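Here are my notes on the structure you asked me to look through. Keep the 3D view open while you read, and go point by point.

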Amino acid sequence: MKAKIEKLRDEIEQHLELLIGRKEFLEAEKLIDEFELLFPNDSLVYCARGIISFNNGEYHIAQFHFETGLNTHPNSIDLLFNLGYLNENLGNYISAYRFYNKAKKINTGKKFKSLLDERLSILEKYQSVIEYNSRKKVLFINYIFPPLAGSGVQRALKFIKYCRDFNYEPIVVTTANCDYYPTDTSLLDEIPNEVEVIRIDERNTLTRENMNELFDVYSKVLSNNLEVLEKLLNSLNSSKSDITSYLIPDFHIMFANEVIRTLPEILDIKDIDLIYSTSGPYSTHIAAFLLKHRFKLPWVADFRDEWTNNAYLENAEKSDLLFNTFEKMEKNILETADHIITTTLEAKVNYENNFTVNPSKVTTIFNGYDESDFKNLNIKNKSNAKFKIVHNGSFYMTRTPLSVLKAINKLIKNKMVDIEELEIIFTSYNPNLEEWQQELEKLGLGKVVNYTGYLSHADSIEISSNANLLLLIVGETTKCKNVIPAKLFEYLNFNSPILSISPPESAVENILYKTNRGLNFESNDEISIAKYIHENYLSWKNGSDIDTHRIQNEIEKFTRKDLTRQLCEIFNSISEKNINNSFDKYTELKEEDKNFYDSLFSDGGWDQTYFKHYSNTHYYPIWEKAFSFIVEMERELKILEIGCGPGQFAQLLFERGVTEYQGFDFSDKAIEMAKRTNKMYHEKFHVGDAFETKMFDNYSYNLVIIFEVLEHIEEDIAVLEKIKEDTTILFSVPNFDSPGHVRWFNSIFDIYERYKFVLDIQSINIHKLAGENKIYLVKANKK
């Protein structure tokens, strides 16, 4: 039946190609609709619709079809080639090169080989591609990325914008779906042209499988500290909190979990030179931690805010179990990362003192402003009809403007400020809007304050640029001394004075003092706050500026481009160290002899797997999938199994009526167990070494099975070369180390790379085990 379906599909595909070649697009569309009913979500549907749109000059629609298909079929060579061809025709040569190159990596057949080589050879002569290939590739793990917006988006976005100027090519990994942050689609325009952005779907529901995966993540980030993990889980299990309480350190651990499990199958990590992660959310660092652990890449962890010492962390009692867990996670991240970045000098000192981080491993790179954001601004604050006070950003916890509002209320009552000449603008989202409106009414300021809601970045800059006084509300707690809101640096680039609320001798106060851009006040110092507001009010009224002695060189060092230069210097430093410390992960792995495997089978192996019925082993789902392939072949099969072990897969075959089979293994114990398990078919099992057996010549096979064998053999290619040409092969290999392994495969790209010269790989199915562990089931033909 399967063969008939495949034949029908091929016939429809040929007919479609004929119709499209003749430009009979209406007829082709009708055929696609009929085809989709028979084969929903088939890659051919997306290819055909995209090709028709391309031929009609509807390039954006074509791109939509191809990319939608690629989301479902991420390793479809047809879709990758079509996206490459589309981008090449649009002049997006870097993107075209990436798509063609990925297609080449996973193409083991003859269909596209010469065509891909030809296209890549042409593109490699373009200057943009030459520069792209010369740049080191840095993986940016950045959750808050356009179209997501808010205060956290600007830092990494600007680093990405200027990275290429310092010979680094950013590759961004971010979320594909999030409901927790505001959005600003205008920020999409700030992403540099042809930067690769990989958007990972974030699961919104927790299953038992997800929970087990998350516990594996927690265990690794806690360095297998089982005592802490058990206490945490017991506490969560005994509490009456909802299931989301298991999501630590934040809800976005689900995103991190998806990154570490899916990214290596989308992107060839071997092309990456280093990793950069930025928080919050802090789960981004956990994703980076695990990627570094697996791929041994250098890693820079950028803390926009401290974690356990966060000024706005509620109920942060050091005896608290959850706090203790976070602290241990933070410590392990700080120890594992190759370099730590903070946004304040105070945070750097805290990491050095509280976590004993080597000072040479921590660098402060302040937030900043991008000069290009301030071009073409229409600044007219001197001529404002009203004295305009502006605050950009949200109010929460200790971030409250109440002391400023009370000071203004007193100025109005004392007739020092005319309420009719006053305008206060609060931008961004404020969760407690009703409470604030009630408070404003009490102070008589209800008609003076304008809540704009969230604004685009460009609009917020425009409004701020025309302020007569800029408010910067940091908070009043001692921890707030270390906080420097990112918006301060944009404020510095305006001509308006800044009124800041933070503790005395704070980081903000220090910057305001050095730049002479404004004054900082304690929140309870309403008299001084009122005095400063009044001075600026009078200055506006008189049409003059208070002398702020603007010191440009103190401000210019906060330009985003210069800050990116500092980041890339760190990239250079840790990249050089990594080259010096690089090693071959397989160097110490040696092939085991038959005595090792005799002992392994005698003991039952991991979890007594070799003593179990095949249906009770962790291999069963893989074997079921393999059997479905066998059923689909619909021909008289003669199966040869290399490394048959104790005969468990053979037992599955025999029970289902497939008996044309021969299997061999070089372990005497394995064959003894196989004969005992399959008494009726005991004569089908043989002791033999793959390099010496005559079965390749004496048995007329047309299907070869090799499950969990190739990773144990140093000369695995030589074994595959013994198989007859055009033979179908089903084999499985793992992505993890285990006793007896001489290699493992971190991704499908590793499999293609190793076997592309000897096998034409038809498909790779990924089967998840516990934690990050996977087994790849590969269907191929011997070349």
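The notes below start with the whole protein, then turn to two helix pairs and some salt bridges.

1. First, keep in mind that this is a predicted model. The protein has 783 residues, and 54% of them are buried. Its secondary structure comes to 30 helices and 20 strands. If you boxed up the C-alpha atoms along the principal axes, you'd need roughly 105 × 70 × 50 Å.

2. How do contacts spread along the sequence? Take the contacts between residues at least 6 apart: 72% of these join residues at least 24 apart.

3. Now find helix 3 (residues 43-55) and helix 4 (residues 59-72), whose axes come within 7 Å of each other. They cross at roughly 165 degrees. Angles over 145 degrees count as roughly antiparallel, so that is the label for helix 3 against helix 4. The crossing of these two is left-handed.

4. Which residues make that contact? From helix 3 it's Tyr46, Cys47, Arg49, Gly50, Ile51, Ser53 and Phe54, and from helix 4 it's Tyr59, Ile61, Ala62, His65, Phe66, Thr68, Gly69 and Thr72. Sorted by class, the contact of helix 3 with helix 4 has 8 nonpolar, 6 polar and 1 charged residues.

5. Helix 4 also pairs with helix 5 (residues 77-89): their axes come within 9 Å and cross at roughly 155 degrees. Helix 4 is therefore roughly antiparallel to helix 5, and this crossing is left-handed too. On the helix 4 side, look for Tyr59, Ala62, Gln63, Phe66, Glu67, Gly69 and Leu70; they meet Leu79, Leu80, Asn82, Leu83 and Leu86 of helix 5. The contact of helix 4 with helix 5 splits into 8 nonpolar, 3 polar and 1 charged.

6. On to salt bridges, of which the count is 50. One of them joins lysine 104 and aspartate 117, with the closest N and O atoms 3.2 Å apart. Lysine 104 sits in helix 6 (residues 93-106) and aspartate 117 in helix 7 (residues 113-123), with their positions 13 residues apart in the chain. Buried or exposed? Lysine 104 counts as partly exposed at 41% relative accessibility, and aspartate 117 is partly exposed as well, at 25%.

7. Next, look at glutamate 169 and arginine 135, a salt bridge whose closest N and O atoms are 2.9 Å apart. Glutamate 169 belongs to strand 2 (residues 168-175), while arginine 135 is in the loop between helix 8 (127-134) and strand 1 (136-141). The two are 34 residues apart. Buried means under 20% relative accessible area, so glutamate 169 at 1% makes the cut, and so does arginine 135 at 9%.

8. Aspartate 373 and lysine 158 form a salt bridge too, at 3.1 Å from N to O. Aspartate 373 lies in the loop between strand 7 (362-364) and strand 8 (387-391), and lysine 158 is in helix 9 (residues 153-162), so this pair ties together parts 215 residues apart in sequence. Aspartate 373 is buried at 16% relative accessible area, and lysine 158 is buried at 1%.

9. Last one: some salt bridges share partners. Try picking out Glu213, Asp216, Lys220, Arg261, Arg294, Lys768 and Glu772, which are joined this way into one network.

Conventions:
Residues are numbered from 1 along each chain as its sequence is written. This is a predicted model: local features need pLDDT of at least 70, side-chain atom pairs count only at pLDDT 80 or more; totals for chains, interfaces and linings use all residues. Side-chain values use heavy atoms; hydrogens and water are left out. Axes are lines fitted to C-alpha atoms, for helices over the stretch in contact, and angles run from 0 to 180 degrees between N-to-C directions. Helices (H or I, at least four residues) and strands (E, at least two) are DSSP runs, numbered from the N terminus. Angles under 35 degrees count as roughly parallel, over 145 as roughly antiparallel, 65 to 115 as roughly perpendicular and the rest as oblique. A crossing is left-handed if the near helix is turned anticlockwise from the far one by less than a right angle, and right-handed if clockwise. Contact means heavy atoms within 4.5 Å. Ala, Val, Leu, Ile, Met, Phe, Trp, Tyr, Cys and Pro count as nonpolar, Asp, Glu, Lys and Arg as charged, and the others, Gly among them, as polar. A salt bridge is a side-chain nitrogen of Lys or Arg within 4 Å of a carboxyl oxygen of Asp or Glu. Buried means under 20% relative accessible area, exposed over 50%, partly exposed in between (1.4 Å probe, protein chains only).
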